[in-house]
Amino acid sequence: MGIRTMNAIQRLIKADDTRKTRFHTSNGHLCLNPSEFLRALATTVNRTVFHKYSDVPWLAFPAIAHLERQISGRRVFEFGSGMSTLWFAKRCRQVVSVESDGHWHQIVTERCRAMQNVRIIHANSKEDYLAAISTAGGKFDLILVDGLYRAECLDLARPYLNPEALVIVDDTDMISDLAVRTKQLFSDSRIVAFRGWVSGNLHPHETTMICDIPLQGS
């Protein structure tokens, strides 16, 4: 067996250098749910081969199932737009997203064109990206941290939360120190890690949900 063949097999099994195998999150949790795997496989083929995106957030499937039961009518802010923007817009009162990539901003904006409850801000700089949550106006029932500068976005989130709000932080298994930062900033809150397969990705991820967050000054 040649070196190229061996490398291809290793890549197929391991996915990348952060994982034990394709079935592990980057922080070592094994995810073997067959229905999740098949769903991830189908959406990955659609994305990579046919360039078709499923209107499902790129969050761990167990996190999506949990969210769907409690987000009706909420006001959402997203650091990073995408298929989650469409998914939230169909279920929530309003969605405000900030996006740094001009091409992706155009794609998501086009997909959301008929939705009156969506506003997508295009940020050309880090300063504009981080400031978007303040310029959006008001407070939110859910803040999703799923784009650039995640630790800094997480630092900003708390003053913009309504009572009983949620904060969702994606890829806490992959980004260095993000899980630690989450625990430091929200040590007074309930933190739940959801691990599982993701739409359009052929390896599992970790999505962390922060709940029961005391309001500042309370």
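**Figure 1. The open sheet of the predicted model contains seven strands.** In this predicted model, the strands follow the order S3-S2-S1-S4-S5-S7-S6, and their pairing is mixed. Strands of a sheet pair through backbone hydrogen bonds, which may be arranged in a parallel or an antiparallel manner. Strand S3 (118–122) and strand S6 (190–198) occupy the edges; each has a single partner strand, so one side of each is left without a neighbour in the sheet. On average, and with direction ignored, neighbouring strands of this sheet are turned by 15° against each other.

**Figure 2. Strand S7 pairs with S5 and with S6.** Strand S5 (residues 161–170) and strand S7 (residues 201–211) are joined in the antiparallel sense over four bridges. In this part of the sheet, Asp 170 stands opposite Thr 207 in S7. The pairing of S6 and S7 is also antiparallel and extends over eight bridges. Here Val 192 has Met 209 in S7 as its bridge partner. The hairpin of S6 and S7 has two residues between the strands, and within this hairpin Gly 200 adopts a positive phi near 75°.

**Figure 3. Helices H3 and H5 contact strands of the sheet.** Helix H3 (residues 61–68) lies across strand S4 (140–145), S5, S6 and S7. The direction of H3 is at about 125° to S6. Helix H5 (residues 102–111) packs on the sheet, where it touches strand S2 (94–99) and S3. The direction of H5 makes about 170° with that of S3.

**Figure 4. Helices H7 and H8 pack against each other.** Helix H7 comprises residues 150–157 and helix H8 comprises residues 178–185; their axes lie 10 Å apart and form an angle of about 10°. The two helices are therefore roughly parallel to each other, and their crossing is right-handed. On the H7 side, the contact involves Arg 150, Ala 151, Leu 154 and Asp 155, which meet Leu 178, Arg 181, Thr 182 and Leu 185 in H8. The residues of this contact comprise four nonpolar, one polar and three charged.

**Figure 5. Thr 182 is a buried residue of helix H8.** With a relative accessible area of 1%, Thr 182 falls under the 20% limit and therefore counts as buried. Setting aside residues up to four places away in sequence, Thr 182 touches Leu 154, Val 169, Thr 172, Ile 191, Thr 208 and Ile 210. Of these contacts, Val 169 is 13 residues from Thr 182 in sequence, and the C-alpha atoms of the two residues are 8.1 Å apart.

**Figure 6. Thr 44 in helix H2 touches Gly 200.** Helix H2 (residues 34–48) contains Thr 44, which counts as buried at 11% relative accessibility. Thr 44 and Gly 200 are 156 residues apart along the chain, yet their C-alpha atoms are separated by 3.9 Å. Apart from residues up to four places away in sequence, Thr 44 touches Val 49, Gly 200, Asn 201 and Leu 202.

**Figure 7. Glu 164 and Asp 171 have positive phi angles.** Glu 164 lies in strand S5 and, although it is not a glycine, has a positive phi of about 65°. At 68% relative accessibility, Glu 164 counts as exposed. Asp 171 is placed in the loop between S5 and H8. Asp 171 is likewise not a glycine and has a positive phi of about 65°, but at 11% relative accessibility Asp 171 counts as buried.

Terms used
Residues are numbered from 1 along each chain as its sequence is written. This is a predicted model: local features need pLDDT of at least 70, side-chain atom pairs count only at pLDDT 80 or more; totals for chains, interfaces and linings use all residues. Side-chain values use heavy atoms; hydrogens and water are left out. Axes are lines fitted to C-alpha atoms, for helices over the stretch in contact, and angles run from 0 to 180 degrees between N-to-C directions. Angles under 35 degrees count as roughly parallel, over 145 as roughly antiparallel, 65 to 115 as roughly perpendicular and the rest as oblique. A crossing is left-handed if the near helix is turned anticlockwise from the far one by less than a right angle, and right-handed if clockwise. Contact means heavy atoms within 4.5 Å. Ala, Val, Leu, Ile, Met, Phe, Trp, Tyr, Cys and Pro count as nonpolar, Asp, Glu, Lys and Arg as charged, and the others, Gly among them, as polar. Two strands pair if DSSP finds at least two bridges between them. Buried means under 20% relative accessible area, exposed over 50%, partly exposed in between (1.4 Å probe, protein chains only).
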